[in-house]
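Please walk through this protein model with me, from its overall make-up down to single residues.

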Amino acid sequence: MSLGYAEKLSYIEDVGEVGMREFFDPTHVLQEKIERLARTIKESKHLVVFTGAGISTSCGIPDFRGPKGIWTLQREGKPLPQASLPFHRAVPSMTHMALVALERAGILKFVISQNVDGLHLRSGIPREKLAELHGNSFMETCPSCGAEYFRDFEVESIGLKETSRHCSDANCGAKLRDTVLDWEDALPSKEMSYAEKHCRMADVVLCLGTSLQITPACNLPLKCLRGGGEIVIVNLQKTPKDKKASLVIRGLVDKVIAGAMNLLNMPIPPFVRIDFVQIILTKALSADEKYVNWMLRLASIHGQKAPLPFIKSVEITFLDEEKYKAAVLHEQPFLLKRRTERTKVFEMVLKINLSDGCGCLCSQINIPFDPKISTNCSNPNKDAVLQNLRDTAIQGLCCGQNAIVGKKIKLAPNGETTTFAIVTNIIMHNKASKAFEIKAISTGDEIKRRKRSARSNGSSRKRSKTKGSN
């Protein structure tokens with residue numbers, strides 16, 4: 001998880017305040033603040049969200065400065081927290097997916113993130129509406145042409161160093177670099193430019209799960225104040241910017257956002273993760289032309305030498321009366337070489353055993369084998385296939401389904417490469433929104449009516465002050 005990222009960073013003595021105490025608003029205060037947040041979101045014209053490590057802790061990714069944060073424990077000489085699943089299998093939280101819903105509804109205009117976990121992109125936030133100020137552990141970029149490559153495996157280095165891969169553009173081919181900043185690296189100018197622009201345009205900057213300590217990023221939300229905008233902070237620890245905020249909410253980010261989405265009567269969409277694998281089948285006649293020597297290989301869509309972290313092993317069996325010998329491929333390269341009679345047609349069954357963190361144990365793919373050269377290279381509509389996979393997974397509440405999304409034929413040497421999409425995770429958040437049960441209210445007037453009714457019944461609840469409320 002973020003443990004690997006923290007260990008790759010250069011050592012510095014001062015990482016800011018750590019071990020910060022957490023505060024929780026009383027239930028009735030939290031409810032009132034969530035109602036204010038929902039109304040603020042509903043009335044916003046240019047909502048910008050600024051996120052930190054606190055939105056990913058529910059994904060199993062430890063934070064840095066909290067009571068059990070990585071740097072807090074390091075400072076105290078205690079063992080670091082154990083990651084609950086592999087970094088590459090972390091799935092977006094309820095908050096990540098709520099932001100996707102707000103973006104699709106046209107309410108959320110831009111997201112600024114200090115996280116390197118790649119979960120905003122994986123959740124479905126469009127790249128053009130996202131600034132990743134500290135980089136992305138799963139992203140490589142080409143310093144020559146600017147192309148970006150979002151991987152399904154963690155890039156091996158940080159500090160904007162060269163990686164082992166090259167740009168796939170035939171006109172470029174430059175060596176790629178990682179995108180994650182080390183301490184001494186300056187924030188990327190392009191990301192900062194977009195972030196500053198949207199903060200100046202914002203009438204609301206919603207800060208979620210960030211201690212707002214790291215400069216210059218932490219000063220970005222303040223830029224909305226010059227144009228009359230307001231800052232809302234949702235964080236368990238106090239921040240240096242609390243006095244500048246019109247609303248400060250002390251509560252778990254998922255709980256707060258779930259409550260606001262209920263009030264807005266907006267469902268939180270499910271998350272469906274789809275991973276890809278290439279199955280490469282090459283064939284060649286033997287010297288006496290009596291047999292076909294063939295090779296089956298499972299490879300990453302990011303290159304044959306790239307890792308396939310979501311696959312644990314592959315079991316291969318044959319649907320044939322002669323019962324060809326089965327095989328089990330335990331590690332990369334997932335490679336099988338065989339010889340069969342020149343006229344033999346058969347079918348292989350690949351049981352792809354998925355790694356820890358996937359939502360199911362395996363996925364089955366059937367591969368027909370014909371020694372003749374294939375000429376069928378028609379490619380399906382990839383977007384339509386992927387949408388159908390998502391719909392099927394959601395309807396059945398299960399994963400493991402797969403479908404062909406591309407096929408390439410080579411004549412010299414004779415071979416075909418088929419790309420399969422596999423549903424490896426599905427997370428439903430609509431029921432999870434009950435974590436904070438507030439009846440959905442569609443208008444601010446109804447919220448006010450409820451408040452007046454509560455006061456008339458002798459309620460002693462007092463609304464928090466607008467400026468710098470805690």
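**A guided tour**

Pro-333 lies in the loop between β14 and β15 (334-341). Strands here are DSSP runs of E with at least two residues, helices are runs of H or I with at least four residues, and both are numbered from the N terminus. The bond that leads into this proline is cis: Gln-332 and Pro-333 are joined with omega at about 0°. A second cis peptide bond runs from Thr-215 to Pro-216, with omega near 0°. Pro-216 sits in the loop between β8 (204-208) and β9 (230-234).

Some ground rules come next. This is a predicted model, in which local features need pLDDT of at least 70 and side-chain atom pairs count only at pLDDT 80 or more, while totals for chains, interfaces and linings use all residues. Residues are numbered from 1 along each chain as its sequence is written, and side-chain values use heavy atoms, with hydrogens and water left out.

Now the whole protein. Its secondary structure comes to nine helices and 19 strands. Of the 470 residues, 53% are buried. Buried means under 20% relative accessible area, exposed means over 50%, and partly exposed lies in between (1.4 Å probe, protein chains only). Take the contacts (heavy atoms within 4.5 Å). Among those with a separation of 6 or more, 67% come from residues 24 or more positions apart.

The loop between β8 and β9 holds another feature. Leu-212 is found there. Leu-212 has a positive phi of about 55°, although it is not a glycine. Is Leu-212 buried or exposed? At 2% relative accessibility, Leu-212 is buried. Leu-397 also has a positive phi, about 50°, and is not a glycine. Leu-397 lies in the loop between α8 (382-396) and β18 (402-411). Leu-397 is exposed, with a relative accessible area of 56%.

Back to β14, which belongs to a sheet. Four strands form this open sheet in the order β14-β13-β16-β17, with antiparallel pairing. Its edge strands are β14 (327-329) and β17 (362-369), each pairing on one side only. Neighbouring strands are turned by 20° against each other on average, direction ignored. The axes behind that angle are lines fitted to C-alpha atoms, for helices over the stretch in contact, and angles run from 0 to 180 degrees between N-to-C directions. Strands count as paired if DSSP finds at least two bridges between them. Three bridges join β13 (residues 311-318) to β14, and the two run antiparallel. Glu-315 stands opposite Val-328 in β14.

Strand β16 also takes part in aromatic packing. The whole structure has seven aromatic pairs. Rings of Phe, Tyr and Trp (its six-membered ring) pair if their centres lie within 6.5 Å; planes under 30 degrees apart are stacked, over 60 edge-to-face, and the rest tilted. Trp-294 and Phe-346 form a tilted pair, 6.0 Å centre to centre with 45° between the planes. The pair links distant parts of the chain: Trp-294 is in β12 (residues 291-299) and Phe-346 in β16 (residues 346-354), 52 residues apart. Trp-294 and Phe-346 are buried. Trp-294, Phe-318, Tyr-324, Phe-346 and Phe-369 form one aromatic cluster.

Charges sit over rings too. The test is NZ of Lys or CZ of Arg within 6 Å of the ring centre and within 35 degrees of the ring normal. Arg-122 lies over the face of Phe-138, at 5.2 Å from the ring centre. Lys-382 lies over the face of Phe-276, at 5.0 Å.

Strand β7 (residues 175-178) shows alternation. In a regular strand the side chains alternate between the two faces of the sheet. In β7, Leu-176 and Asp-178 point to one face and are buried, while Lys-175 and Arg-177 point to the other and are not. Strand β4 (residues 139-141) pairs with β7 in the antiparallel sense over two bridges. There, Asp-178 is the bridge partner of Glu-140. Strand β6 (residues 162-166) also pairs antiparallel with β7 over two bridges. Arg-177 is the bridge partner of Glu-162.

Last, the cysteines. How many disulfides does the whole structure hold? Zero. A disulfide is a pair of cysteine sulfur atoms within 2.5 Å. Cys-172 is in none; its nearest cysteine sulfur, that of Cys-142, is 3.5 Å away. Cys-172 is partly exposed, with a relative accessible area of 26%. Cys-398 is in no disulfide either, and the nearest cysteine sulfur, that of Cys-399, is 7.0 Å away. Cys-398 is partly exposed, at 37%.
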